[in-house]
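Colleague: Got a minute? I'd like to go through this model with you.

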Amino acid sequence: MPAFTAGDYEEIQGQRADVTRDITASAPGEISYGYVGKEIRVPARSISAKALVLGSDVVINRIEDEVAYVEEWAVVEQRL
């Protein structure tokens, strides 16, 4: 993952992304999202215990230790 500043993390929080490698309760997967005109891929974990499969539409909740913690877009959309 590229080195980001604290300001970058704030801009990324809440951004939609796609799961590019399955995320399970026991192992991180990977997501892809666009940032400053580039496609970024980073390790990711679900903020719930639910597995997220390849192609799932998710929202980045936060990034900790260079791992994105994500939630399904459908769940976030219901709260809006």
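Modeller: Sure, here is a walk through the strands, the core and a few residues.

Colleague: What kind of model is this, and where does the numbering start?

Modeller: This is a predicted model, so local features need pLDDT of at least 70 and side-chain atom pairs count only at pLDDT 80 or more, while totals for chains, interfaces and linings use all residues. Residues are numbered from 1 along each chain as its sequence is written, and side-chain values use heavy atoms, with hydrogens and water left out.

Colleague: What does the protein chain average in pLDDT?

Modeller: The average is 89, and 90% of the residues score at least 70. pLDDT is the predictor's confidence in each residue, from 0 to 100.

Colleague: Where is confidence lowest, and where is it highest?

Modeller: Helix H1 (residues 6-12) is lowest, with a mean of 72. S1 is highest, at 98. Helices (H or I, at least four residues) and strands (E, at least two) are DSSP runs, numbered from the N terminus.

Colleague: OK, strands. In what order does the barrel run?

Modeller: The order is S1-S2-S3-S5-S4, a closed barrel of five strands with mixed pairing. Neighbouring strands of this sheet are turned by 55 degrees against each other on average, direction ignored. The axes here are lines fitted to C-alpha atoms, for helices over the stretch in contact, and angles run from 0 to 180 degrees between N-to-C directions.

Colleague: How many bridges join S4 to S5?

Modeller: Six, and strand S4 (residues 57-64) runs antiparallel to S5. Two strands pair if DSSP finds at least two bridges between them. One partner pair is Ile60 and Val70 in S5. S4 and S5 also form a hairpin with two residues between them. In that turn, Asp65 has a positive phi of about 50 degrees.

Colleague: And in which sense do S3 and S5 pair, parallel or antiparallel?

Modeller: Parallel, over three bridges, with S3 covering residues 38-46. Ala44 has Ala68 in S5 as its bridge partner.

Colleague: What about S1 and S4?

Modeller: Strand S1 (residues 16-21) pairs with S4 in the antiparallel sense, over three bridges. Asp18 is bridged to Asp57 in S4.

Colleague: Why is S5 largely enclosed?

Modeller: Because five of the six residues of S5 (residues 67-72) are buried, the rest of the structure largely encloses this strand. Buried means under 20% relative accessible area, exposed over 50%, partly exposed in between (1.4 Å probe, protein chains only).

Colleague: Now the core. Which residues touch the most other members?

Modeller: Ile23, Ile31, Tyr33, Val58, Ile60, Ala68 and Val70, out of 16 residues in the largest nonpolar core. S1, S2, S3, S4 and S5 each supply at least two residues of this core. A nonpolar core is a set of buried Ala, Val, Leu, Ile, Met, Phe, Trp, Tyr and Cys residues joined through side-chain atoms within 4.5 Å. In soluble globular proteins, nonpolar side chains tend to be buried together.

Colleague: Take Ile60. Buried or exposed?

Modeller: Buried, at 1% relative accessibility. Ile60 sits in S4. Leaving aside neighbours within four places in sequence, its contacts include Ile12, Ala17, Ile31, Tyr33 and Val70. Contact means heavy atoms within 4.5 Å.

Colleague: Switching to polar residues. Where is Ser32?

Modeller: Ser32 is in strand S2 (residues 29-35). Ser32 counts as buried, at 9% relative accessibility. Its side chain makes a polar contact of 2.5 Å with the side chain of Glu39. A polar contact is a pair of N or O atoms within 3.5 Å; within protein, one must be able to donate a hydrogen and the other to accept it, and residues adjacent in sequence count only if both atoms are side-chain atoms.

Colleague: Which side chains make polar contacts with the side chain of Arg41?

Modeller: Glu30 is one, at 3.2 Å. Glu39 is another, at 3.5 Å. Arg41 lies in S3 and is partly exposed, with a relative accessible area of 45%. Arg41 and Ile31 are ten residues apart in sequence, but 5.5 Å apart in space, C-alpha to C-alpha.

Colleague: Last one, Ser46. What does its side chain reach?

Modeller: The backbone oxygen of Ser48, at 3.0 Å. A polar atom of the Ser46 side chain also lies 3.3 Å from the backbone oxygen of Lys50. Ser46 belongs to S3 and is buried, with a relative accessible area of 15%. Not counting residues up to four places away in sequence, Ser46 touches Ile23, Leu52 and Val70.
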